[in-house]
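Here are a few short exercises on the empty space inside a protein and on what surrounds it. Have a go at each one before you read the solution.

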Amino acid sequence: MTILFPVSLDPSRDDAFSLALEAARSLSAGLRILFVVDRDGIRRVEAGAPPGAIHVAQEAEEEIIRRESSAGAEIVAGLCGRCRDAGVPCAAETRVGNPGDEIDKAAARCDLLVAGHESQFFFNRQDAPGRQVITMMKERFIPILLAASPHRPVRTVVVGAGGGLRVTRAVGGMARLGLWKGSCRLILVAVDDSPERGESLLAEPRRILQESGYPPWEEKILPGPKWRTFPEFCEEAHADAVVLGGWGRHHWNEILGLSITSTLLSARRHHLFLYM
């Protein structure tokens, strides 16, 4: 099993790597560390140069790439050192190209991607915090574990049982990896005013956990609006990590702030395991 850690440029990088190390140790997995020098971003800066300075900018492009590659290699060496200290096998590389494309290609050969909520990969941090990873979550196929900052070990995990294929994929993805199996408190939560409907929401995630050999977990059926009740429960339970299936069925939920995923992404208070 291999966990991909794309090296970001934001201050939360070390906290995110702590979560990646924790996951790798618990899963007996290896880490693949990838640093991407954003050639497109460098060229965007070059394109904004005054007409008389364009040739200078063009000449500087390769020098900037060399400088960024050197800085990336230093960062990667430090992360590899942390892997050695933790007894986690790792492989590392530095590439030059478009960060989204390069991360996507690397992810195709990995089982899990770990990054920070506020991760930034573009040159001069031109991308909005977390945007690249969220784009991958919406469009790609790999499970993603988003790290909150500051880092805290995962002791309590809340699993959202909202029904539908996305929830099944998320719980199934967690179970297939064996993530948080037997190492922490696990709470399976459904939100519905009807106990009968709540029980039906719990049925499929419960089956997946049972068949995957997870030890006994807690179950809760809570009344109230999902968009408010579920995040409030995560706070009350002191959840370190939350398992979700992605966005709600309707885009309007996201626009109106009624998506549980959007609410928890905005709060950035919990590690999030997401799988669309």
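**Exercise 1.** Find the element that supplies the largest share of the lining of the largest cavity in this predicted model.

*Solution.* Start with the list of lining residues: L9, F35, V36, V37, D38, E68, F121, F122 and F123 line the largest cavity. Next, look at where strand β2 lies, which is residues 30-38. F35, V36, V37 and D38 are in the lining, and strand β2 indeed gives the largest share, with 4 residues.

**Exercise 2.** Sort the lining of the largest cavity into nonpolar, polar and charged residues, and state the volume of this cavity.

*Solution.* Take the charged residues to be Asp, Glu, Lys and Arg. D38 and E68 are both in the lining, and the division is 7 nonpolar, no polar and 2 charged. The volume of this cavity is about 50 Å³.

**Exercise 3.** How many cavities of 30 Å³ or more are there, and what lines the second largest?

*Solution.* The count comes to 2. The second largest has a volume of about 40 Å³. Its lining consists of V7, L9, F35, V36, I103 and F121. Sorting these residues gives 6 nonpolar, no polar and no charged. Now set the two lists side by side: L9, F35, V36 and F121 appear in both.

**Exercise 4.** Work out why β2 is described as largely enclosed by the rest of the structure.

*Solution.* Buried means under 20% relative accessible area. Go through the strand one face at a time. On one side, G30, R32, L34, V36 and D38 are buried. On the other side, L31, I33, F35 and V37 are buried too, which leaves both faces covered. That makes 9 of the 9 residues of β2 buried, so the strand is largely enclosed by the rest of the structure. For context, buried residues make up 52% of the 276 residues in the protein chain.

**Exercise 5.** Do strands β1 and β2 run parallel or antiparallel, and which residue in β2 is the bridge partner of L4?

*Solution.* Strand β1 covers residues 2-6, and 5 bridges join it to β2. The two strands run parallel. Within this pairing, L4 has R32 as its bridge partner in β2.

**Exercise 6.** Place these strands in the wider fold: how many helices and strands does the protein chain have?

*Solution.* The protein chain has 10 helices and 10 strands. Then turn to contacts between residues at least 6 apart in sequence: 78% of them join residues at least 24 apart. Last, consider the outside, where the protein chain exposes about 12,700 Å², with carbon and sulfur atoms supplying 51% of it.

Technical notes. Residues numbered from 1 in each chain as written. Predicted model: local features only at pLDDT ≥ 70, side-chain atom pairs only at ≥ 80, totals over all residues. Heavy atoms only, no water. 1 Å grid on protein atoms, 1.4 Å probe; cavity = no way out; pocket = protein on both sides within 12 Å on 5 of 7 lines; lining within 4 Å. Points joined across faces, edges and corners; volume = space filled by probe spheres on them. Buried < 20%, exposed > 50% of the residue type's maximum accessible area, 1.4 Å probe, protein only. Contact = heavy atoms within 4.5 Å. Areas by Shrake-Rupley, 256 points an atom, 1.4 Å probe, with all protein chains shown as cover. Pairing = 2+ DSSP bridges.
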